[in-house]
Every structure is written in C-alpha cells, then in structure tokens.
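Welcome! Below are some short exercises, each followed by a worked solution. Have a look at the structure, then try each task before reading on.

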Amino acid sequence: MRLLVVEDDPDLNRQIVTALTEAGYAVDRAFDGEEGHFLGDTEPYDAIVLDIGLPKMDGISVLEEWRRGGKTTPVLILTARDRWSDKVQGFDAGADDYVAKPFHMEEVLARLRALLRRASGHASNELLCGPVRLDTRAGRVTVDGHAIKLTSHEYRLLAYLMHQQGRVVSRTELVEHLYDQDFDRDSNTIEVFVGRLRKKLGSEIIQTVRGLGYLLAAPEDA
C-alpha cells in the first residue's frame, strides 16, 4: 500500500514516515498544503495522513479540494487535542477518521489499517484467500497454517493483491501503489516478486491474465 503524509513539522513528519515504512508501506511526504494537495491530486495513494494546520494551504482546504475533485482516497486527519472544532470541520470536509495530537504511533497505524480494510471491503485484520492467510496487524503470512517468510517487497505485493482479490490488477497499478515516487518504474521487479510469491504460496494462487495483469483468487475460484 502506498501512503502520503502531509505534516509541516519536520520531526513529526519523519517519525510518521519512519513508522509507516517500517510497517511495510511505501510512503511519500509533503511539508505544506500546496505540495500535499498536488501529490494527493496527481498520485494514486491508498490512504493519506493529513495535518490540519499547514502553511501555504490549510488541511481543511486541501481536503475540500480533493473531495470536490472527486478524490475518494481515505484520509486520516491530525488535529490538536483541544480543538474539537477541527474534528467537526475535518469530517464535514470529507475526512474518514482523525487522531488528536499528541498521539501514540500505534494508534495511527491501527486507524490506517482500519481505513484500508474498509476501503477494500474487508472487516477483519486477517485476509483470506484459499490456503493463504495474511494478518495485517502482525504482518504474518501462513499457507495451510504454516508460517511463510516474505521479504518486505514480497509482503507489500501480496498485501495489495489480497486487498484486491478477485479483481485483475495491472502491472502499472501495482507499481503505482507499491512504490514511492522515486522508484524506477521501468524495472521488472513486479514480475520477479510475483515469481517468488508463486514459489512460496503455490503457483495457482496468483494467475496471469494475458495482456491485463494479475489475478489473486482461491484455486477453486480462479
């Protein structure tokens, strides 16, 4: 999953980005409202962490512009603890959830996991596809109950396909959602990681739909 963090405080921005990266997400960052608005408007993020008090363009205005333009990306807003009016404004502008400062990073991670689950129609932390089980909270993958070791890139790819299971996902979509803006989009790493996952999970789990992309489905449904 690819996320955007829009926070003007350099230390807090770095802390959030570090925590999200360590949790297995691809993360882009912005330090003011104008840059954040541009990235959120032009890049296909799976969720956005947005501070309310931003320079150049405040967070509420950024969010309103996104929603006015038809952007449905889940947004988690960051607010000051004693500003209940910020929360109301945020929800009215189209926010999906909020965290009040100061906060525990685990709460941010948990709320983002919930937003990502709901956006893809899942109610549980555990995603299932045939014999494959992925626990988004623990970052653990099992096949027929046996734990499987995955690299961070393999895990990202599998997690995205599990969230989108039953739908054909193009290589371009995978690149756009799994890597930050500095990634070399001409590389063939997607094909390499799909091949590795097939060896670890079973070749029938990830199907290639010629000319379109990849389909993750239980063997009996493929």
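A salt bridge here is a side-chain nitrogen of Lys or Arg within 4 Å of a carboxyl oxygen of Asp or Glu. This is a predicted model, in which local features need pLDDT of at least 70 and side-chain atom pairs count only at pLDDT 80 or more, while totals for chains, interfaces and linings use all residues. Residues are numbered from 1 along each chain as its sequence is written, and side-chain values use heavy atoms, with hydrogens and water left out.

**Exercise 1. The salt bridge of Arg-111**

Task: find the salt-bridge partner of Arg-111 and say which elements the pair ties together.

Solution.
- Step 1: Look for the partner. Arg-111 forms a salt bridge with Asp-97, and the closest N and O atoms are 2.8 Å apart.
- Step 2: Place both residues. Helices (H or I, at least four residues) and strands (E, at least two) are DSSP runs, numbered from the N terminus. Arg-111 lies in helix H5 and Asp-97 in strand S5, so the salt bridge ties together parts that are 14 residues apart in sequence.
- Step 3: Check the cover. Buried means under 20% relative accessible area, exposed over 50%, and partly exposed in between (1.4 Å probe, protein chains only). Asp-97 is buried at 12% relative accessibility, whereas Arg-111 is partly exposed at 29%.

**Exercise 2. More salt bridges**

Task: how many salt bridges does a search of the whole structure find? Describe those of Lys-101 and Asp-32.

Solution.
- Step 1: Count. The search of the whole structure finds 15 salt bridges.
- Step 2: Take Lys-101. Its side chain meets that of Glu-7 in a salt bridge, at 3.1 Å from N to O. Lys-101 is in strand S5 (residues 97-101) and Glu-7 is in the loop between strand S1 (2-6) and helix H1 (10-22), so this pair ties together parts that are 94 residues apart in sequence. Glu-7 is buried, with a relative accessible area of 1%, while Lys-101 is partly exposed at 24%.
- Step 3: Take Asp-32. Its side chain meets that of Lys-56 in a salt bridge, at 3.8 Å from N to O. This pair links distant parts of the chain, 24 residues apart: Asp-32 is in the loop between strand S2 (26-30) and helix H2 (33-42), and Lys-56 is in the loop between strand S3 (47-51) and helix H3 (59-68). Asp-32 counts as buried at 13% relative accessibility, but Lys-56 counts as exposed at 64%.
- Step 4: Look for a network. Arg-2, Asp-28 and Glu-43 are linked in a network of salt bridges.

**Exercise 3. Arg-113 and its surroundings**

Task: is Arg-113 buried or exposed, and what is the nearest side chain of opposite charge?

Solution.
- Step 1: Locate Arg-113. This residue is in helix H5 (residues 105-119).
- Step 2: Look for charge. Lys and Arg count as positive and Asp and Glu as negative; His and the chain ends are not counted. Arg-113 is buried yet has no salt bridge, and the nearest side chain of opposite charge, Glu-106, is 4.9 Å away.
- Step 3: List contacts (heavy atoms within 4.5 Å). Leaving aside neighbours within four places in sequence, Arg-113 is in contact with Tyr-25, Asn-125, Thr-136 and Arg-137.

**Exercise 4. Around Met-57**

Task: where is Met-57 found, and which residues does Met-57 touch?

Solution.
- Step 1: Met-57 is found in the loop between S3 and H3, and is buried, with a relative accessible area of 18%.
- Step 2: Not counting residues up to four places away in sequence, Met-57 touches Gly-33, Glu-34, His-37, Val-62 and Glu-65.
- Step 3: Compare sequence with space. Met-57 and Glu-34 are 23 residues apart in sequence, with their C-alpha atoms 5.7 Å apart.

**Exercise 5. An aromatic pair**

Task: how many aromatic pairs does a search of the whole structure find?

Solution.
- Step 1: Rings of Phe, Tyr and Trp (its six-membered ring) pair if their centres lie within 6.5 Å; planes under 30 degrees apart count as stacked, over 60 as edge-to-face and the rest as tilted.
- Step 2: The search of the whole structure finds one aromatic pair. The rings of Phe-91 and Tyr-98 have centres 5.8 Å apart and planes at 80°, so the pair is edge-to-face.
- Step 3: Phe-91 is partly exposed at 38% relative accessibility, and Tyr-98 is partly exposed at 27%.
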